[in-house]
Amino acid sequence: QVQLVESGGGSVQAGGSLKLSCTVSGYDSSECGMAWYRQAPGKERAVVSRISVDGTTNYLDAVKGRFTISQDNATKTLYLQMNSLKPEDTGVYYCAADRPAYVGSRYCIRGQYWGRGTQVNVSS
């Protein structure tokens, strides 16, 4: 079965950097994309960045130019390099994977598999 495990979170000062990792097992990354989500205190979970099977990426406007999502196609490990961190980046970051709607489907349903999350705290 699919298992996602995040790591790399921690506490940093504003302007600092962190690199999150998400190890992946039991998932065929050639079929659907993956993403990083975050949930800030008192707010709803929001997608931070998404990467498609062909490497195309998308970012939340608030993190554009500061965060970079990438994936090692051999190991399927997903990464999120976070630079120039701001206090508003604080939250729990989750790794998520999409899956086909059904076997053989070209359509993927987002956020079907989740890791437990890793805490990121950015102080001012």
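The lining of the largest pocket in this predicted model is split by class into four nonpolar, four polar and four charged residues. The pocket holds about 180 Å³ of space. Its lining is made up of E31, C32, G33, R50, I51, S52, V53, T56, N58, D98, C108 and R110. Two strands, β5 (46-51) and β10, each supply at least two residues of that lining. Two of the lining residues, C32 and C108, are also bonded to each other as a disulfide, which makes a handy bridge to the next topic.

**The two disulfides**

A search of the whole structure finds two disulfides. As a reminder, a disulfide is a covalent bond between the sulfur atoms of two cysteines. With the bonded cysteines counted along the chain, the pattern is 1-3, 2-4. Here is how the pairs look next to each other:

| Disulfide | S to S distance | Torsion about the S-S bond | Separation in sequence |
|---|---|---|---|
| C22 to C95 | 2.1 Å | about -80° | 73 residues |
| C32 to C108 | 1.9 Å | about -85° | 76 residues |

Take C22 and C95 to begin with. The torsion about their S-S bond is about -80°, so this disulfide is left-handed. C22 lies in strand β3 (residues 18-25) and C95 in strand β9 (residues 91-100), so the bond ties together parts that are 73 residues apart in sequence. Are these two cysteines buried or exposed? C22 has a relative accessibility of 0% and therefore counts as buried, and C95, with a relative accessible area of 0%, is buried too.

The disulfide between C32 and C108 is left-handed as well, because its S-S torsion is about -85°. This pair links distant parts of the chain: C32 is in the loop between β3 and β4 (34-39), and C108 is in strand β10 (residues 108-114). C32 is buried, with a relative accessible area of 2%. C108 has a relative accessibility of 31%; buried would mean under 20% and exposed over 50%, so C108 counts as partly exposed.

**Strand β9 and its neighbours**

C95 leads us to β9, the strand that holds it. This strand is mostly covered, with eight of its ten residues buried. Which strands pair with β9? β4 is one of them, joined to β9 by six bridges in an antiparallel arrangement. Within that pairing, W36 stands opposite C95, the cysteine bonded to C22.

β10 also runs antiparallel to β9, and four bridges join the two. Here P100 has C108 of β10 as its bridge partner, so C108 takes part in this strand pairing as well as in the disulfide with C32. Strand β11 (residues 118-123) pairs with β9 in the antiparallel sense too, over three bridges. In that pairing Y93 stands opposite T118.

**The four-stranded sheet**

C22 takes us to another part of the structure, through its strand β3. Four strands form an open sheet in the order β1-β3-β8-β7, with antiparallel pairing. Strands of a sheet pair through backbone hydrogen bonds, either parallel or antiparallel. Why do β1 and β7 each have one side without a neighbour in the sheet? β1 (3-7) and β7 (67-71) stand at the edges and have a single partner strand each, so one side of each is left without a neighbour. From one strand to the next, the twist averages 15°.

At the β7 edge, five bridges join β7 to strand β8 (residues 78-82), and the two run antiparallel. One of the facing pairs is F67, which stands opposite M82 in β8.

**Two residues with positive phi**

Two loop residues deserve a look at their backbone angles. Most residues other than glycine have a negative phi, and most peptide bonds are trans. K76, although not a glycine, has a positive phi of about 75°. K76 is placed in the loop between β7 and β8, and with a relative accessibility of 23% it counts as partly exposed.

S84 is likewise not a glycine, and its phi is positive at about 50°. S84 sits in the loop between β8 and β9. Its relative accessibility is 40%, so S84 counts as partly exposed.

Notes:
Residues are numbered from 1 along each chain as its sequence is written. This is a predicted model: local features need pLDDT of at least 70, side-chain atom pairs count only at pLDDT 80 or more; totals for chains, interfaces and linings use all residues. Side-chain values use heavy atoms; hydrogens and water are left out. Two strands pair if DSSP finds at least two bridges between them. Axes are lines fitted to C-alpha atoms, for helices over the stretch in contact, and angles run from 0 to 180 degrees between N-to-C directions. A disulfide is a pair of cysteine sulfur atoms within 2.5 Å. Buried means under 20% relative accessible area, exposed over 50%, partly exposed in between (1.4 Å probe, protein chains only). On a 1 Å grid over the protein atoms alone, a cavity is a set of points where a 1.4 Å probe fits but cannot get out, and a pocket is an open set with protein on both sides within 12 Å along at least five of seven lines; lining residues have an atom within 4 Å of a point. Grid points are joined across faces, edges and corners, and a volume is the space filled by probe spheres set on the points. Ala, Val, Leu, Ile, Met, Phe, Trp, Tyr, Cys and Pro count as nonpolar, Asp, Glu, Lys and Arg as charged, and the others, Gly among them, as polar.
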